Amino acid sequence: MEIATLTAKGQVTVPKAVREALGLRQGDQLSWELEDGSVRVRAVAPLDLVYLQGLESSLGEWSSPEDEEAFCCWR
């Protein structure tokens, strides 16, 4: 178990052992999830912009007016 202290500005330093175990570096992001009075902190993987751009370009085939009509309003 690692312990960290909250500063007056609401900041906390992630303990070195935790940073090393997760491979965290300056600029990495963490998510904070509230769960039944506790908090779960997770490292957030950086977005792969090249992958997302490739994915976005492949979705163009689903953007015809016919697709909009078929998928937007069916119930």
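This passage describes a strand hairpin and the two largest pockets of a predicted model.

The hairpin is a good place to begin. Strand E1, spanning residues 29-35, runs antiparallel to strand E2, spanning residues 38-44, and seven bridges join the pair. One of the bridged positions is Leu34, whose partner in E2 is Val39. Two residues separate the strands in this hairpin, and Asp36, which sits in the turn, adopts a positive phi of about 50°.

Turning to the pockets, rolling a probe the size of a water molecule over the atoms shows where empty space is left. The largest pocket encloses a volume of about 210 Å³. Its lining is made up of Val12, Thr13, Val14, Arg19, Leu24, Arg25, Gln26, Asp28, Leu30 and Trp32. Sorted by class, five of these residues are nonpolar, two are polar and three are charged.

The second largest pocket holds about 160 Å³ of space. Here 13 residues form the lining, and those nearest the pocket centre are Val14, Val18, Leu30, Trp32 and Val41. Helix H1 (16-22) and the two hairpin strands, E1 and E2, each contribute at least two lining residues. The largest share belongs to E2, with three residues. In terms of class, the lining of this second largest pocket comprises eleven nonpolar residues, one polar residue and one charged residue.

Readers exploring the model may like to follow Val14, Leu30 and Trp32, which appear in the lining of the largest pocket and are also among the residues nearest the centre of the second largest pocket.

Note on methods: Residues numbered from 1 in each chain as written. Predicted model: local features only at pLDDT ≥ 70, side-chain atom pairs only at ≥ 80, totals over all residues. Heavy atoms only, no water. Pairing = 2+ DSSP bridges. Helix = DSSP H or I, 4+ residues; strand = E, 2+ residues; numbered from the N terminus. 1 Å grid on protein atoms, 1.4 Å probe; cavity = no way out; pocket = protein on both sides within 12 Å on 5 of 7 lines; lining within 4 Å. Points joined across faces, edges and corners; volume = space filled by probe spheres on them. Nonpolar A, V, L, I, M, F, W, Y, C, P; charged D, E, K, R; others polar.
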